Amino acid sequence: LLLVSITLIGLLGSTIIFRPIWAYFDSLMAKAPFIKLVYTAVKDLIAAFVGQKKRFTEPVLVKISSTTDMEKLGFITNRDLSIIGLSNEKVAVYLPHSYAWSGNLVIVPSEHVKLINAPSTEVMKFIISAGVTNIE
């Protein structure tokens, strides 16, 4: 009885009660000038990790410089950079930090990027754990 009650309360709270409150909060945040900029950027980043439209689906190795063999793991986020005036010879790659939600966006020549044949979720776990987790 306790398990069923907790499940029903959770279901009601997450659908009937929580959704209208969240929708109101979301529309309120979208109206504030500076807050809108930060809020939408953070919301998009979180949605890219855990939302319906996952964006980190192409894991890659990025060659850091042409003088060394050092490479970093990351994810292609955009192949078409014409919106910011760059040619199709470069791509945007997100390089997540270990043990954090942060990372760096780098623009690199396409020839410095090599696709990895591994599930993106496993690669993300590998990066976030600083290489401690094994890729299955």
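This report walks through the fold, the cores, the salt bridges and one unusual backbone angle of a predicted model.

**Overall fold**

The protein has three helices and five strands. Read from the N terminus, the order is α-α-β-β-β-β-β-α. Two helices come before the strands, and one helix follows them.

The chain has 136 residues, and 20% of them are buried. The accessible surface is about 9,900 Å². Carbon and sulfur atoms supply 66% of that surface. Now take the contacts between residues with a separation of 6 or more. Of these, 33% join residues that sit 24 or more positions apart.

**Two nonpolar cores**

Which residues make up the largest nonpolar core? There are eight: Val-60, Val-62, Ile-76, Val-91, Val-93, Leu-95, Val-108 and Val-113. Strands β1 (59-63) and β3 (90-96) each give two or more residues to this core. Strand β3 gives the largest share, with three residues.

A second core is separate and has seven residues. Phe-56, Val-123, Met-124 and Ile-127 are among them.

Val-62 shows how one core member is surrounded. Leaving out residues up to four places away in sequence, Val-62 touches Met-70, Glu-71, Lys-72, Val-93, Leu-95, Val-108, His-112 and Val-113. Val-93, Leu-95, Val-108 and Val-113 from this list also belong to the largest core.

**Helix α3**

Helix α3 spans residues 120-128. Its buried residues are Ser-120, Glu-122, Val-123, Met-124 and Ile-127. Val-123, Met-124 and Ile-127 also belong to the second core.

Ser-120 lies in this helix. Is Ser-120 buried or exposed? Its relative accessible area is 19%, and buried means under 20%, so Ser-120 counts as buried. Beyond residues up to four places away in sequence, Ser-120 touches Phe-56, Thr-57, Pro-59 and Phe-75. Phe-56 is itself part of the second core.

**Salt bridges**

How many salt bridges does the structure hold? It holds three. The table gives each pair with its N to O distance.

| Pair | Distance, N to O |
|---|---|
| Arg-79 and Glu-58 | 2.6 Å |
| Asp-69 and Lys-63 | 3.7 Å |
| Glu-122 and Lys-125 | 3.4 Å |

Start with Arg-79 and Glu-58. Arg-79 sits in the loop between β2 (71-78) and β3, while Glu-58 sits in the loop between α2 (33-50) and β1. The pair therefore ties together parts that are 21 residues apart in sequence. Arg-79 is partly exposed at 43% relative accessibility. Glu-58 is partly exposed too, at 25%.

Next come Asp-69 and Lys-63. Asp-69 is exposed, with 70% relative accessibility. Lys-63 is partly exposed, with a relative accessible area of 26%.

Where do Glu-122 and Lys-125 lie? Both are in helix α3, three residues apart, which is about one turn of the helix. Glu-122 is buried, with a relative accessible area of 13%. Lys-125 is partly exposed at 39%.

**An unusual backbone angle**

Most residues other than glycine have a negative phi. Ala-130 is not a glycine, yet its phi is positive, about 60°. This residue lies in the segment after α3. Ala-130 is partly exposed, with a relative accessible area of 47%.

How values were computed
Residues numbered from 1 in each chain as written. Predicted model: local features only at pLDDT ≥ 70, side-chain atom pairs only at ≥ 80, totals over all residues. Heavy atoms only, no water. Helix = DSSP H or I, 4+ residues; strand = E, 2+ residues; numbered from the N terminus. Buried < 20%, exposed > 50% of the residue type's maximum accessible area, 1.4 Å probe, protein only. Contact = heavy atoms within 4.5 Å. Areas by Shrake-Rupley, 256 points an atom, 1.4 Å probe, with all protein chains shown as cover. Core = buried A, V, L, I, M, F, W, Y, C linked by side-chain atoms within 4.5 Å. Salt bridge = Lys/Arg side-chain N within 4 Å of Asp/Glu carboxyl O.
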